[in-house]
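Me: Got a structure I'd like to talk through before I head back to the bench. Can you take a look with me?

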Amino acid sequence: MSDVITILGNTRVLSCDPNGTHISTEADINGVIGTAFDERADLVALPAARLSQNFFDLQTGFAGLLVQKFVNYQLRLAVLGDISSACTRSRALKDFVYESNHGSSCWFLDDLEDLGRKLV
């Protein structure tokens with residue numbers, strides 16, 4: 001599977017391939033954002049499995065960098081997949097996920113169905 005565009009509600013979503021490039025550097029983030037712009041996406045659905053472990057360790061600052069880049073480019077982000085084990089290991093990550101899910105820029109959801117419900 002490759003990255004595909006889907007329409008959920010009135011939102012053009014770039015659904016990233018779960019087997020795509022691992023996101024571990026700023027250049028990787030820029031690549032995803034570039035693809036989103038090329039496809040005229042409003043939101044990127046990024047599988048959690050594509051994120052490097054440094055994303056889930058908030059002390060590295062990588063999660064903040066990734067989310068801030070999306071905000072700066074006025075793209076919404078949905079991280080899809082089960083990250084409960086990472087949240088169990090880190091209270092800070094659990095709080096970050098909670099706060100993000102109450103905002104409008106970045107959400108942590110189980111799958112595209114959950115995203116579709118969130119966008120309604």
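Reply: Sure. One term up front: a salt bridge here is a side-chain nitrogen of Lys or Arg within 4 Å of a carboxyl oxygen of Asp or Glu. Also keep in mind that this is a predicted model.

Me: Ok, how many salt bridges does that rule give?
Reply: The count comes to 3 salt bridges. One of them joins Asp114 and Arg117, with the closest N and O atoms 2.3 Å apart.

Me: Where do Asp114 and Arg117 sit?
Reply: Both are in helix H6 (residues 112-119), 3 residues apart, so about one helical turn separates them. Arg117 is exposed, at 54% relative accessible area.

Me: And what does Arg91 pair with?
Reply: Arg91 forms a salt bridge with Asp95, and the closest N and O atoms are 3.2 Å apart. The two residues lie in helix H5 (residues 91-101), 4 residues apart, about one turn of the helix.

Me: Is Arg91 buried or exposed? What about Asp95?
Reply: Arg91 is exposed, with a relative accessible area of 60%. Asp95 is partly exposed, at 34%.

Me: What does Lys69 meet in a salt bridge?
Reply: The side chain of Lys69 meets that of Glu26, at 3.0 Å from N to O. This pair links distant parts of the chain: Glu26 is in helix H1 (residues 26-38) and Lys69 is in helix H3 (residues 62-72), 43 residues apart.

Me: Buried or exposed, that Lys69?
Reply: Lys69 is buried, with a relative accessible area of 14%; the cut-off for buried is under 20%. Its partner Glu26 is partly exposed, at 38%.

Me: Switching topic: how many helices and strands are there?
Reply: The protein has 6 helices and 5 strands. Along the sequence they run β-β-α-β-α-α-β-α-α-β-α. The radius of gyration is 13 Å, close to the 14 Å that the globule rule gives for 120 residues, so the protein is as compact as a globular protein of that length.

Me: What box do the C-alpha atoms fill?
Reply: Roughly 35 × 30 × 25 Å, taken along the principal axes.

Me: How much of it is buried?
Reply: Buried residues make up 42% of the 120 residues. As for the outside, the protein exposes about 6600 Å², and carbon and sulfur atoms supply 49% of that.

Me: Which share of the contacts comes from residues 24 or more positions apart?
Reply: They account for 69% of the contacts with a separation of 6 or more.

Me: Last one, how many positive and negative side chains?
Reply: There are 10 positive and 15 negative side chains, and the centres of the two sets lie 4 Å apart.

Technical notes: Residues numbered from 1 in each chain as written. Predicted model: local features only at pLDDT ≥ 70, side-chain atom pairs only at ≥ 80, totals over all residues. Heavy atoms only, no water. Rg over C-alpha atoms; globule rule 2.2 N^0.38 Å. Buried < 20%, exposed > 50% of the residue type's maximum accessible area, 1.4 Å probe, protein only. Contact = heavy atoms within 4.5 Å. Areas by Shrake-Rupley, 256 points an atom, 1.4 Å probe, with all protein chains shown as cover. Lys, Arg positive; Asp, Glu negative; His and termini not counted. Charge placed at Lys NZ, Arg CZ, Asp CG, Glu CD.
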